[in-house]
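Student: Put the model on screen, please. I want to ask how each label is earned.

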Amino acid sequence: MINTPQNERELNDLVSQPSGQLIDFIKGLSGDISILGANGKIGLSLSLMAKRAIEMANVDKKVYAVSRFSSDEGRLLLEEHGIETIACDLNDREQVKSLPKTENVIFMAGRKFGTQGSEPYTWAMNVLMPAVCAGHYKDSKIVVFSTGCVYSLVSKDTGGSVEPDRPDPVGEYAQSCLGRERIFEYYSLTEKTPVLLLRLNYSTDLRYGVLCDIAKKIWNDEPVVTDCAYFNISWQGDVNNYTLLALSECSSPANYLNITGPEILSVAEVAEEMASIMGKKVIIKCTENDRSYLNDAAKSFRLFGKPSVTAKELIRMQAEWIMQGGKDIDIPTHFEVGDGKF
């Protein structure tokens, strides 16, 4: 059993712990690593894991963490761990031209929250920015963060969407994410850029995620209301490991990989379990429609193994984190939205 972290330092250490498999992979990986969008909710711990894996592999390799760095907190954390940070507006072609061209790139930049009412900015961030970066890094291997929202909502009885399924995005956020994929696919075809498109639903870090959203509602005596009755999750430490290992699966034409946990979870059942841990009562208002964003990540399990942390452990850790007053970065997932309007 994993003990629930008592503070952010312990949580950062836990979520950035590289697996033995990743350390071995890094030993044989050629070239440095650039992480674009490194100041985001996943980018910070991913950058820390990459750096720790390099140190534990005892190889000479750099991690470049690239972001606008609109806040200093994340940048200071990265620099304290010896990671080279670069402030850059990835929508600015001239600024991007100055970035070091590394053999390996993780592209994480994008926009989801606030799309509704600001659609042009979302499309610029999710489609124009990838075009600028794909051109600059056309000779690199690129793992591109995407989302399971490019698939249609499906019944839990399907087991979740798989990589060969045809995308059918609902709403402009998901459509713009498919646009991001198409841009990288285009460069993979025309420039022979090795690309892997990583479709994620949903990462859990205790400071944010579907479980955090549910736990806060229960702790604050608010009803849990959702149009999507089911969901997948994966521990962010596992997501980070899979992301870096996915550099081995980049190809031209582009490859695709779903990342999530093996369990299909019921919002109602998870809420009841958390309420029991917290000693609370919960009001649940779930739709009778069982269509939700669900991914089948069996391909990633065949490549890299099953996640190291189970959903049951995550539910307990999340409840305990909220109960002890753990930090919440206040970025809701909007997992409950079924109409694509984020």
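Student: Where is Ile-277 placed?

Tutor: Ile-277 sits in helix H10, which covers residues 267-278. Keep in mind that this is a predicted model.

Student: Why is Ile-277 called partly exposed?

Tutor: Its relative accessible area is 32%. Buried needs under 20%, and exposed needs over 50%. The value for Ile-277 falls in between, so the label is partly exposed.

Student: Which residues make the nonpolar surface patch?

Tutor: Trp-219, Ile-277 and Met-323 make the patch, of about 230 Å². A patch residue needs over 30% relative accessible area. Ile-277 has 32%, so it passes that cut-off.

Student: Now the cysteines. How many disulfides does the rule give?

Tutor: The count is 0.

Student: How do you know that Cys-133 is in no disulfide?

Tutor: The nearest cysteine sulfur belongs to Cys-88 and is 7.3 Å away. A disulfide needs two sulfur atoms within 2.5 Å, so Cys-133 has no partner.

Student: What about Cys-228?

Tutor: For Cys-228 the nearest cysteine sulfur is that of Cys-149, at 8.9 Å. The cut-off is 2.5 Å, so Cys-228 is in no disulfide.

Student: Are Cys-133 and Cys-228 buried or exposed?

Tutor: Cys-133 has a relative accessible area of 1%. Cys-228 has 1% too. Buried means under 20%, so both cysteines are buried.

Student: On to the sheet. What is its strand order?

Tutor: The order is E3-E2-E1-E4-E5-E7-E12, an open sheet of 7 strands with parallel pairing.

Student: What makes E3 and E12 the edge strands?

Tutor: Strand E3 (84-87) and strand E12 (255-259) each pair on one side only. Neighbouring strands of this sheet are turned by 20° against each other on average, direction ignored.

Student: How do you know that E7 pairs with E12?

Tutor: Strand E7 (residues 195-200) is joined to E12 by 5 bridges, and the two run parallel. Pairing takes at least two bridges, so E7 and E12 qualify. Leu-200 stands opposite Ile-259 in E12.

Student: What makes E4 a partner of both E1 and E5?

Tutor: Count the bridges again. Strand E1 (residues 33-36) pairs with E4 over 4 bridges, in the parallel sense. Ser-34 has Val-105 of E4 as its bridge partner. E4 also runs parallel to strand E5 (residues 141-147), joined by 4 bridges. There, Ile-106 has Val-143 as its bridge partner. At least two bridges are needed, so both pairings count.

Student: Which way do the side chains of E4 point?

Tutor: Asn-104 and Ile-106 point one way from strand E4 (residues 104-107), and Val-105 and Phe-107 the other way. All are buried. In a regular strand, side chains alternate between the two faces of the sheet.

Student: Salt bridges next. How many are there?

Tutor: The structure holds 18.

Student: Why is the pair of Glu-84 and Lys-62 called a salt bridge?

Tutor: Their closest N and O atoms are 3.6 Å apart. The cut-off is 4 Å, so the pair counts. Glu-84 lies in strand E3, and Lys-62 in the loop between helix H3 (43-57) and strand E2 (63-67), so the pair ties together parts 22 residues apart in sequence. Glu-84 is partly exposed at 37%. Lys-62 is partly exposed at 41%.

Student: What does the salt bridge of Arg-199 and Glu-181 tie together?

Tutor: The closest N and O atoms are 2.7 Å apart, so this pair is within the 4 Å cut-off. Arg-199 lies in strand E7 and Glu-181 in helix H7 (residues 171-190), so parts 18 residues apart in sequence are tied together. Both residues are buried.

Student: How do you know that Arg-207 and Asp-205 meet in a salt bridge?

Tutor: N to O is 2.8 Å. That is within 4 Å, so the label holds. Arg-207 and Asp-205 are buried. Shared partners join Glu-8, Glu-73, Asp-205, Arg-207 and Lys-327 into one network.

Student: Last one. Why is Lys-306 called exposed?

Tutor: Its relative accessible area is 58%. Exposed means over 50%, so Lys-306 earns the label. Lys-306 is found in the loop between helix H11 (298-304) and helix H12 (311-323). Lys-306 and Thr-260 are 46 residues apart in sequence, and 9.8 Å apart in space, C-alpha to C-alpha.

How values were computed. Residues numbered from 1 in each chain as written. Predicted model: local features only at pLDDT ≥ 70, side-chain atom pairs only at ≥ 80, totals over all residues. Heavy atoms only, no water. Patch = residues over 30% accessible without salt bridge, like charges linked within 9 Å, V, L, I, M, F, W, Y side chains within 5 Å. Areas by Shrake-Rupley, 256 points an atom, 1.4 Å probe, with all protein chains shown as cover. Salt bridge = Lys/Arg side-chain N within 4 Å of Asp/Glu carboxyl O. Buried < 20%, exposed > 50% of the residue type's maximum accessible area, 1.4 Å probe, protein only. Axes fitted to C-alpha atoms, helices over the stretch in contact; angles between N-to-C directions.
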